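Reader: I'm new to this. Could you walk me through a structure and tell me what the labels rest on?

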Amino acid sequence: MKGEPRVVTADPTSPVVTIEAADAPGSRGGTALCLSGGGYRAMVFHLGAVWRLNELGFLLKLDRVSSVSGGSITAATLGSRWSRLDFDARGVARGFESEVVTPVRSLAGRTIDAGAIVLGALGPGSIGDRIADAYRRHLFGGATLQDLPEARAGVAPRFVINASNVQSGALWRFMRHAMRDYRVGSVPRPRLELAVAVAASSAFPPLLSPVRLELRASDYDPPTSEDLHREPFTTKVALTDGGVYDNLGLETAWKRCQTILVSDGGGKMQAEAEPKGDWARHSLRVNELIDNQVRSLRKRQLLASFRNGAREGTYWGIRSDVRDYALPDALDCPIERTTELANLKTRLKRLEPRTQERLINWGYAVCDAAMRRHVAPAPMQKPAFPYPDVGV
């Protein structure tokens with residue numbers, strides 16, 4: 001999906017402004033990988049996609065990795081262990097399976113949301129605190145945002161973990177060099193624990209949300225044009241799932257990069273003839289509706305940008321049909337089997353080892369088809385599933 005960057009004029013009759021029209025004119029370059037939300041389902045699906053990107057030598061070609069929710073678990077694991085990946089001369093990380101796949105799969109074998117809800121409701125501490133605790137114990141230990149790699153072209157991408165700021169209505173971005181909200185301000189070189197950042201990014205409302213940050217006004221850079229640079233916006237920050245604002249993790253990559261790779265492990269809203277009327281289940285249903293619309297709008301705008309030449313790159317999703325990529329030697333992924341995986345619940349709930357392997361295989365296969373069809377089409381040997389005995 002090639003083309004020169006350009007700014008596209010919005011349709012004046014449209015109720016939404018396209019992403020292209022919102023772009024400031026100017027040059028763009030570089031490649032971004034965006035990892036969507038979707039709980040453990042997305043986390044493990046993305047694991048397979050990143051596995052294939054590694055084999056293609058693409059990890060060192062990335063300038064930015066932008067993630068939300070379940071995607072942030074995979075991204076933060078990759079980022080925090082970057083220095084131990086042991087890249088060879090082809091740009092392939094020899095340590096990918098041991099440093100990334102194994103720990104993420106270990107977490108996927110544990111249910112952490114149900115216990116966090118019960119213990120958080122009983123106190124002390126919040127549900128968000130309990131989720132952060134689980135990430136700390138099982139994945140990140142005491143690692144902080146400073147354990148993400150320093151962004152340098154050809155050496156390491158910039159990792160951007162996205163949450164939604166309930167107070168400002170904007171994205172709150174966690175990075176090594178800063179954490180910021182464009183309306184509130186920027187905290188340079190934050191030493192916030194990675195477990196807390198990922199908990200905020202994956203704080204699915206209403207049950208796992210919010211995650212609160214207690215900061216000092218003096219932590220921030222001097223204000224410039226931020227309209228909310230004042231207490232309590234600066235000192236008592238309330239965050240929720242990054243997918244509430246942008247479930248593809250697209251926005252933080254969009255204005256910076258010309259080539260966009262999107263891995264979408266999100267769910268799809270199903271029709272419900274008799275929706276529940278009690279506040280709890282009705283709230284969950286409304287959240288599902290909002291998530292579905294945000295994702296659909298972002299996806300349509302992304303694909304339109306590929307078609308009209310505003311961006312290069314590709315999209316693959318857990319609900320894609322591998323046959324749509326028209327790749328003669330694509331891995332065998334029957335749509336009825338992959339749909340079973342796409343219909344897994346959006347939870348932080350234990351996945352059976354075989355289900356994990358099927359999800360990894362599916363993320364690997366559809367990423368392979370998308371990349372070889374649109375981004376890296378050079379002839380190469382047909383790959384094999386990471387877990388060939390399982391398939392999808």
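Author: Sure, starting with surface: accessible areas come from the Shrake-Rupley method with a 1.4 Å probe, and for residues only the protein chains shown count as cover. By that method the protein chain exposes about 17100 Å², with carbon and sulfur atoms supplying 53% of it. This is a predicted model, where local features need pLDDT of at least 70, side-chain atom pairs count only at pLDDT 80 or more, and totals for chains, interfaces and linings use all residues. Residues are numbered from 1 along each chain as its sequence is written, and side-chain values use heavy atoms, with hydrogens and water left out.

Reader: How many helices and strands does the protein chain have?

Author: There are 12 helices and 10 strands. Both are DSSP runs, numbered from the N terminus: helices are H or I with at least four residues, strands are E with at least two.

Reader: What makes Met179 buried or exposed?

Author: The cut-offs decide: buried means under 20% relative accessible area, exposed over 50%, and partly exposed in between (1.4 Å probe, protein chains only). Met179 has a relative accessible area of 2%, so Met179 is buried. You'll find Met179 in strand 5 (residues 178-181). Across the protein chain, 55% of the 392 residues count as buried.

Reader: Which residues does Met179 touch?

Author: Contact means heavy atoms within 4.5 Å. Not counting residues up to four places away in sequence, Met179 touches several residues, among them Trp172, Phe174, Val187 and Leu215.

Reader: And why is Thr234 called buried?

Author: Thr234 has 3% relative accessibility, so Thr234 counts as buried. Thr234 sits in the loop between strand 7 (211-214) and strand 8 (236-241). Leaving aside neighbours within four places in sequence, the contacts of Thr234 include Leu215, Tyr220 and His229. That loop between strand 7 and strand 8 holds Pro232 as well, and the peptide bond from Glu231 to Pro232 is cis, with omega near 5°.

Reader: What is the largest nonpolar core made of?

Author: A nonpolar core is a set of buried Ala, Val, Leu, Ile, Met, Phe, Trp, Tyr and Cys residues joined through side-chain atoms within 4.5 Å. The largest one here has 97 residues, and Tyr135, Trp172, Phe174, Trp316 and Trp362 have the most contacts inside it. Helix 12 (residues 353-374) gives the most to this core, with 10 residues. A second, separate core has 12 residues, including Leu250 and Val262.

Reader: How do you know that helix 7 is mostly covered?

Author: Just count: eight of the eight residues in helix 7 (residues 194-201) are buried. Among them are Leu194, Val196 and Ser201.

Reader: How many aromatic pairs are there, to begin with?

Author: The structure holds six. Rings of Phe, Tyr and Trp (its six-membered ring) pair if their centres lie within 6.5 Å; planes under 30 degrees apart count as stacked, over 60 as edge-to-face and the rest as tilted.

Reader: So why is the pair of Trp51 and Tyr387 called edge-to-face?

Author: The ring centres of Trp51 and Tyr387 are 5.9 Å apart and the planes are at 85°, so the pair is edge-to-face. This pair links distant parts of the chain: Trp51 is in helix 2 (residues 39-55) and Tyr387 in the segment after helix 12, 336 residues apart. Trp51 is buried at 9% relative accessible area, and Tyr387 counts as buried at 15%.

Reader: What about the rings of Tyr135 and Phe140?

Author: Their centres are 6.4 Å apart and their planes are at 70°, so this pair is edge-to-face. Tyr135 is buried at 0% relative accessibility, and Phe140 is buried at 7%.

Reader: What makes Val118 partly exposed?

Author: Val118 has a relative accessible area of 48%, so Val118 is partly exposed. Val118 belongs to helix 5 (residues 113-122).

Reader: Which phi value does Ser69 have?

Author: Phi of Ser69 is near 50°, a positive value in a residue other than glycine. Ser69 lies in the loop between strand 2 (64-68) and helix 3 (70-80), and at 8% relative accessibility Ser69 counts as buried. Arg189 has a positive phi of about 45°, although Arg189 is not a glycine. At 40% relative accessibility, Arg189 counts as partly exposed.
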